[in-house]
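Trainee: I would like to work through this assembly with you, going from a single chain to the contacts between chains and then to the packing of helices. Could we begin once the model is in front of us?

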Protein chains: 4
Amino acid sequence: MQEEFEKLERVRVEALDEILGKPFKVLNDGFIRVVDYMGSDQSIVQAARVSYGKGTKQVRQDRGLIRYLMRHKHTTPFEMCEIKFHIRVPMDAWRQWIRHRTANVNEYSTRYSIAIDSAYETEPSMWRKQSKDNKQGSEGFLDERIGAELSKQEKEMHRIVREIYQKRVELGVAREQARKDLPLSTYTEAYWKIDLHNLLHFLRLRMDSHAQYEIRQYAQIIGNEIVSKWVPLTWEAFNDFQLNTTGFSALEMEILKNMLSDNPVAALALAENAGWLRKKDGKLVKSLERIEFEQKLQKLNLQVPWEE
Amino acid sequence: MQEEFEKLERVRVEALDEILGKPFKVLNDGFIRVVDYMGSDQSIVQAARVSYGKGTKQVRQDRGLIRYLMRHKHTTPFEMCEIKFHIRVPMDAWRQWIRHRTANVNEYSTRYSIAIDSAYETEPSMWRKQSKDNKQGSEGFLDERIGAELSKQEKEMHRIVREIYQKRVELGVAREQARKDLPLSTYTEAYWKIDLHNLLHFLRLRMDSHAQYEIRQYAQIIGNEIVSKWVPLTWEAFNDFQLNTTGFSALEMEILKNMLSDNPVAALALAENAGWLRKKDGKLVKSLERIEFEQKLQKLNLQVPWEE
Amino acid sequence: MQEEFEKLERVRVEALDEILGKPFKVLNDGFIRVVDYMGSDQSIVQAARVSYGKGTKQVRQDRGLIRYLMRHKHTTPFEMCEIKFHIRVPMDAWRQWIRHRTANVNEYSTRYSIAIDSAYETEPSMWRKQSKDNKQGSEGFLDERIGAELSKQEKEMHRIVREIYQKRVELGVAREQARKDLPLSTYTEAYWKIDLHNLLHFLRLRMDSHAQYEIRQYAQIIGNEIVSKWVPLTWEAFNDFQLNTTGFSALEMEILKNMLSDNPVAALALAENAGWLRKKDGKLVKSLERIEFEQKLQKLNLQVPWEE
Amino acid sequence: MQEEFEKLERVRVEALDEILGKPFKVLNDGFIRVVDYMGSDQSIVQAARVSYGKGTKQVRQDRGLIRYLMRHKHTTPFEMCEIKFHIRVPMDAWRQWIRHRTANVNEYSTRYSIAIDSAYETEPSMWRKQSKDNKQGSEGFLDERIGAELSKQEKEMHRIVREIYQKRVELGVAREQARKDLPLSTYTEAYWKIDLHNLLHFLRLRMDSHAQYEIRQYAQIIGNEIVSKWVPLTWEAFNDFQLNTTGFSALEMEILKNMLSDNPVAALALAENAGWLRKKDGKLVKSLERIEFEQKLQKLNLQVPWEE
């Protein structure tokens, strides 16, 4: 005997409707804008309640339920929301973007059309220095005078390469081949559609301080300007339980417990045993695992229990 | 230099809005209803035009473009539409349904809640006979007097099994264990969300005459009652170029060409060479490939060029 | 100018080769066995080094690299390993299993063949009680005398239902329909193929104490008997950094820091502000977030800073 | 009561083992080589037989079964085989390659390491002309004297851009930023792992004459040199039933039937009704659907039944 269902209206989120279609500028000539969406915080709750039955219906418990789902990685209800973006982004950042496979994509075709005549140009003050510690990162900026030189050189190179591209096209070279030497900084455009669970995964990786600067600019706008308006309860829970969480391994918990129980000897023995305290020439050998633990202790204002 | 964008309204499809939330009855106690959706025929066109540039803008070409995409299996623009269903379906059919992996699912949990007290019961006239030709199919129906016996027996069995389930729950057995002997005919419910490309793939398989009767009932409603209203141009193209297409292999084309060029000898030689004409005891040995070709000839009103 | 490559041998893992094809028994009549595999710990390292370049080649750093990848959720190198299982499992557990979508599956077809004549039977001592705290869990066991009654009843029911199934088949009912009332406890078989990253995800969910007992038995064998032999470095890292990790949210870190800095007032204020300390009738209102934090404090042997 | 299983050996394919690790050269400085694999034609048969039961065991039926699966798009057994490649490919072709989402990828990181110092250079005779009919294709070649000019210009441009890249790196610019203007023709490397079903899908699209020349070179080697050795029965079936199949829509079948039944009037009426015979200035208006049908008739050596 099945229940009666009433006619439904589509779920609407007013705060998102207000920015529908509006482009947020990113980098020198990129943008991102929401084209359409489906679902809301309430859709997540609704989907979870199909699974969990109907015992927990009160509206005031929605926030608690969403936080519970997020904390315990019950991810399927978040897949019930979907969003579609229109973006313009340098091909180099797009190369990273497209590595997120669980999404739907239609990209501007430079086989079919003339390549977008715009490239991502770097300002004199924005040339980043290679990071010493992080082989795949950057830190700080080059001297602006050197930067000015590099920016000028870049602009000139962009001009030359574009001219070569144009000339090829004019001579009748197929577009699919003429484009072969376009710089990675050339802008492309795409429609990109993804469910909320996978979008949050994208944001966790791409809002991270280790993500490359360029894609991080897009991710921050998606997170702070768009997702925050679309599903505010989910956004809060995501920040609390995903973005800003510190994880301790079983070993780290054990060392911490011994430190807090005034048992530094046991703590040291555990670290020693894990190979964290090997020395060379009287100094601790570099150990990423130890260093990461030390950083966690710092967050707790705790002294490192060994000599550094 | 980027263009100006205007504010967008969400894409709406009036004919689909009218049935939003309305349950279509399926089987004795199942249903399917649309909960929400995103996109329309126009969204497909819009996504395709990001790829193909802006040369082909006229509205009257939308149909042609959608048909072109469908014919040539340019599938990504169809992924730009998304739909969410609420369904009630016997677990047995759900087992087939869930094999379509590219979808989002939240199912009613019989760990968390008491199992739905409803099972799919078969009418006396609806007991299907095992197909002789198709080891995984059925054809025709059992005599209704035998069917009446089977239906009565089923009803009684359902009652007994449900009582055992209830008794277990009352004795305090965990729901996750009490359910272990529920019949596959027990109804379950789920939210199911999928993009249009993958939905069409589901429909191609599940509307097919070889699909099991039960899931076919759901698929036919999704196709004929829902997708047809949601994206009418896509639905038409899907029927023309996917559902009702006949494929000829290179060999079949070659045989056909020779038949139509009054060259039956060459046609026979090709069939012979493919091993289609092997005989045993003076009769053609069964060959699925030959039989399938004969069926295609029949559609063209053509005589089979060999003795059957 | 490209480097010279030597001929390759396929990667072999001797410890896994030794158990190839060997069925591990699970439940009363289930099993799981490895049919084939591809890759090893070294394949993960090799794939990571394509990404990271060639600066870090020494063999003794393999363990460190794998641990780094695992700790920082660089998951793609783990996708470079693949394994294929043959399993026999009750349909009820299979329903949960199949929800992991990123895998390849071929299941025994009860449309094509007679259903496997074996069901998962519960021993008198193994009827689990419904958990009070966890609506979707169990804890402890029913009295064995009651259990004996339930087991006897189950056996009898299985016999009856199987007889009905057999009778239907004998009367000529199509197998696809005859099976409709088989109990969920009926065994099915399948080939299941999955990459290591997704397998670890499966294990994280299904080896967890909240996973249902039945599927947990399979997961434990996969983890402890198979993955541990196949990729021992990965298995160690997975245990250290995934299975046994405790996460603290930003708020929890802040409260903890204040507790450890002898600033209980600030710690209490934070908890108060988070709504953790609301009282009703003089007792703290139930708050899952507070309770989970208290459990983490317990692991560190720390006193809860508020009156419970 | 379960059967006894014997110990298994891993499936080996000798013809593939012989080329394991061997690089096939592609373009001027690219390659593709097989690193590892899992499964064979027999694994496909084995997986299918789990589904279909054990009635069809004879070895001589393997070919028939694989052909049946391929013809009727029963794709899951083909997912039971997996292969891993190491490739070096221009970024431009890689951009297309990576759009195939159901695969595992580890790419050379130009954040972590200096970009590969090699670009895809075009020979004077290999500059392709833009296709007139196919907006996203090419046909024929430019005059070689013009080509020589373009090739010289390209070489010079590659040199300049590389120098700028090197200079940035020397000045301390982060590698992740220094690379931003590398041409799309720069080579990258990757491990690419995929199951056979999805690989065949890749080949169907990328061996097609409409695929871009560059990626087609890779696809042809994968198909003709690798898959053909790995799974010869599957490769044969794929060629017969996927690569070289001609599909006729219901309308086309109906027109064809009428043509072959000496009923040209009915054939014309159907075409007219489909809008294929609209004229402008006394000439048939361009209709892709009609043109594609005419091409199919040509394959059958049949006259078009209307005036062109």
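Trainee: Into which domains is chain A divided?

Mentor: Please keep in mind throughout that this is a predicted model. The assignment for chain A places residues 124-181 in domain 2 and residues 250-299 in domain 3, while domain 1 is written as two segments. Those two segments are 14-117 and 185-243, so that the division, by an automatic or database assignment, reads domain 1 (14-117 + 185-243), domain 2 (124-181) and domain 3 (250-299).

Trainee: How far apart do the C-alpha centres of domain 2 and domain 3 of chain A lie?

Mentor: Domain 2 of chain A covers 124-181 and domain 3 of chain A covers 250-299. Taking the C-alpha centre of each of these two domains, the separation is 45 Å.

Trainee: Turning to the contact between chain A and chain B, which element of chain A gives the largest share of the side that touches chain B?

Mentor: The contact takes 45 residues from chain A and 45 residues from chain B. On the side of chain A, the elements that give two or more residues are β2 (30-38), α2 (41-52), β3 (82-90), β4 (104-107) and β7 (187-195). By class, this side of chain A has 20 nonpolar, ten polar and 15 charged residues. The largest share, six residues, comes from β2(A).

Trainee: What rotation superposes chain A on chain B, and which residue of chain A comes closest to the rotation axis?

Mentor: Chain A is superposed on chain B by a rotation of 180 degrees with 0.0 Å of shift along the axis, and the RMSD is 0.0 Å. The same surface serves both copies, since 100% of the contact residues of chain A recur in chain B. The rotation is thus 180 degrees, and the residue of chain A that comes closest to the axis, at 3.0 Å (C-alpha), is Met38(A).

Trainee: Which element gives the most to the side of chain D that touches chain A?

Mentor: In this contact, 39 residues of chain D meet 39 residues of chain A. The elements of chain D that give two or more residues to its side are β5 (128-130), α5 (144-170) and α6 (175-178). The residues of that side divide into 16 nonpolar, ten polar and 13 charged. With eight residues, the element that gives the most is α5(D).

Trainee: What kind of axis relates chain D to chain A?

Mentor: Chain D can be laid on chain A by a turn of 180 degrees and a shift of 0.0 Å along the axis, with an RMSD of 0.0 Å. Here too the same surface serves both copies, as 100% of the contact residues of chain D recur in chain A. Of the residues of chain D, Pro183(D) comes closest to the rotation axis, at 2.2 Å (C-alpha). The turn and shift that lay chain D on chain A give the relation of a two-fold axis.

Trainee: Are α5(B) and α5(C) roughly parallel or roughly antiparallel to each other?

Mentor: The axes of α5 (residues 144-170) of chain B and α5 (residues 144-171) of chain C come within 11 Å and cross at roughly 160 degrees. Among the residues that make the contact are Leu150(B), Met157(B) and Val161(B) of α5(B), together with Leu150(C), Met157(C) and Leu171(C) of α5(C). By class, the contact has ten nonpolar, two polar and two charged residues. Because angles over 145 degrees count as roughly antiparallel, the two helices are roughly antiparallel.

Trainee: Is the crossing of α7(B) and α9(B) left-handed or right-handed?

Mentor: Helix α7 (residues 196-206) and helix α9 (residues 232-243) of chain B pack at an angle of about 45 degrees, with their axes 12 Å apart, and are therefore oblique to each other. In the contact, Leu196(B), Leu200(B) and Arg204(B) of α7(B) meet Thr234(B), Phe238(B), Gln242(B) and Leu243(B) of α9(B). These residues divide into four nonpolar, two polar and one charged. The crossing of α7(B) and α9(B) is right-handed.

Trainee: And what is the handedness of the crossing of α7(C) and α8(C)?

Mentor: The axes of α7 (residues 196-206) and α8 (residues 213-230) of chain C come within 9 Å and cross at roughly 130 degrees, which makes α7(C) oblique to α8(C). Leu199(C), Leu203(C) and Arg206(C) are the residues of α7(C) in this contact, and those they meet in α8(C) include Ile215(C), Ala219(C) and Val227(C). The crossing of α7(C) and α8(C) is left-handed.

Technical notes: Residues numbered from 1 in each chain as written. Chains lettered and ligands numbered in written order. Predicted model: local features only at pLDDT ≥ 70, side-chain atom pairs only at ≥ 80, totals over all residues. Axes fitted to C-alpha atoms, helices over the stretch in contact; angles between N-to-C directions. Helix = DSSP H or I, 4+ residues; strand = E, 2+ residues; numbered from the N terminus. Parallel < 35°, antiparallel > 145°, perpendicular 65-115°, else oblique. Contact = placed C-beta atoms within 7 Å. Nonpolar A, V, L, I, M, F, W, Y, C, P; charged D, E, K, R; others polar. Least-squares fit on C-alpha atoms with pLDDT ≥ 70 in both. Left-handed = near helix turned anticlockwise from the far one by under 90°.
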